[in-house]
Amino acid sequence: TASAGVGFSPTPWLSASLELTGYYDSHSGTGFTGTGAVGEPHLTLRAGKFDGKMGFGGQVRVWVPGKDAPSIVPGATSADLRGLFLTQAGPARVAINAGFRLDNSAATVEDDMGGRVVYTEVVDNVSVGVSEWSAATGGIRVAYPTGKLVIGAEVMAEYYVGEDAPGLAVLAQGDVRLALSKMLTAEFYVSGSKMPGVTLTE
């Protein structure tokens, strides 16, 4: 995975960013061997207001994945809309978000059989983050700053919706961020997930 981006804030309550992300995967050992690559430009707009103790806002993220990076597929345009809530709990900061992701990224997959994707394509889809389903999303993050360190913990959940949707996925992450300078930060993290199973059909 590789990414590069740029962001700016025209006003104190509005920010925008553009990020270009590419995924590449090579897999074997499951009875199937292959490679997959997806390129995704992401545009994110975030608006909100924070008074020092509590804040509210919203975020819209739009991305256009491609079949073979760096190409893009207009029909795969996807969007993520989230409401944001931020509060102070003693020295810690608590951020909560909830929203919905409209995911059309499966349009990047070619299905020459005229039906659902076959198993070898499912392997590609999982490895490069392509999904057949939209999802209701939510999460909570707690960050505790101490000196040059920020210690964080986060839990995120996604409930997939649509025909034959697999259900609930949960991701938990712990991280430590160290400010090396005003412009440079080092981050260390560990994460785990509980992902739903996918029924493979031909």
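This passage walks through a predicted model of a protein chain, from its overall layout to some of its side-chain pairings.

The protein chain has 202 residues, and 27% of them count as buried. Its secondary structure is made up of 1 helix and 10 strands. Followed along the sequence, these elements appear in the pattern β-β-β-β-β-β-α-β-β-β-β. Among contacts with a separation of 6 or more, 45% are between residues 24 or more positions apart. The accessible surface of the chain comes to about 12400 Å², and carbon and sulfur atoms account for 62% of this area.

A helpful place to begin on that surface is a nonpolar patch. It is formed by Val6, Leu18, Leu20, Leu43, Leu45, Val60, Val62 and Leu81, which together offer about 690 Å² of accessible area. Three strands each supply at least two residues of the patch: strand E2 (14–27), strand E3 (34–50) and strand E4 (54–63). Leu20, one of the patch residues, sits in strand E2. With a relative accessibility of 52%, Leu20 counts as exposed, because the cut-off for that class is over 50%.

Ser78 offers a contrasting view, this time of a buried position. The residue belongs to strand E5, which covers residues 78–89. The relative accessible area of Ser78 is 1%, so the residue falls in the buried class, under 20%. Leaving aside residues up to four places away in sequence, Ser78 touches Arg61, Val62 and Trp63, as well as Leu102, Asp103, Asn104 and Ser105. Val62, named here as a neighbor of Ser78, is also a member of the nonpolar patch. With Asn104 there is a polar contact as well: the side chain of Ser78 reaches the backbone nitrogen of Asn104 at 2.8 Å.

Attention now turns to charged side chains. Side chains of opposite charge can pair when their charged atoms come close. The model contains 7 salt bridges. One of them joins the side chains of Glu154 and Arg141, with an N to O distance of 3.6 Å. Glu154 lies in strand E8 (residues 149–161) and Arg141 in strand E7 (residues 134–146), so this pair ties together parts that are 13 residues apart in sequence. Both partners count as buried: Glu154 has a relative accessibility of 19%, and Arg141 has 15%.

Arg177 takes part in two further pairings. Its side chain meets that of Asp175 in a salt bridge at 3.9 Å, N to O, and that of Glu187 in another at 3.7 Å, N to O. Since Arg177 lies in strand E9 (residues 168–179) and Glu187 in strand E10 (residues 185–194), the bridge between Arg177 and Glu187 ties together parts that are 10 residues apart in sequence. The surroundings of these residues can be described by their accessibility. Arg177 counts as partly exposed, at 34% relative accessibility, and Glu187 is likewise partly exposed, at 41%. Asp175, in contrast, counts as buried, at 3%.

These pairings also belong to a wider arrangement. Arg141, Glu154, Asp175, Arg177 and Glu187 are linked in a network of salt bridges. Within this network, Arg141, Glu154 and Asp175 count as buried, whereas Arg177 and Glu187 count as partly exposed.

Terms used:
Residues numbered from 1 in each chain as written. Predicted model: local features only at pLDDT ≥ 70, side-chain atom pairs only at ≥ 80, totals over all residues. Heavy atoms only, no water. Salt bridge = Lys/Arg side-chain N within 4 Å of Asp/Glu carboxyl O. Helix = DSSP H or I, 4+ residues; strand = E, 2+ residues; numbered from the N terminus. Buried < 20%, exposed > 50% of the residue type's maximum accessible area, 1.4 Å probe, protein only. Patch = residues over 30% accessible without salt bridge, like charges linked within 9 Å, V, L, I, M, F, W, Y side chains within 5 Å. Areas by Shrake-Rupley, 256 points an atom, 1.4 Å probe, with all protein chains shown as cover. Polar contact = N/O pair within 3.5 Å; in protein donor to acceptor, adjacent residues only side chain to side chain. Contact = heavy atoms within 4.5 Å.
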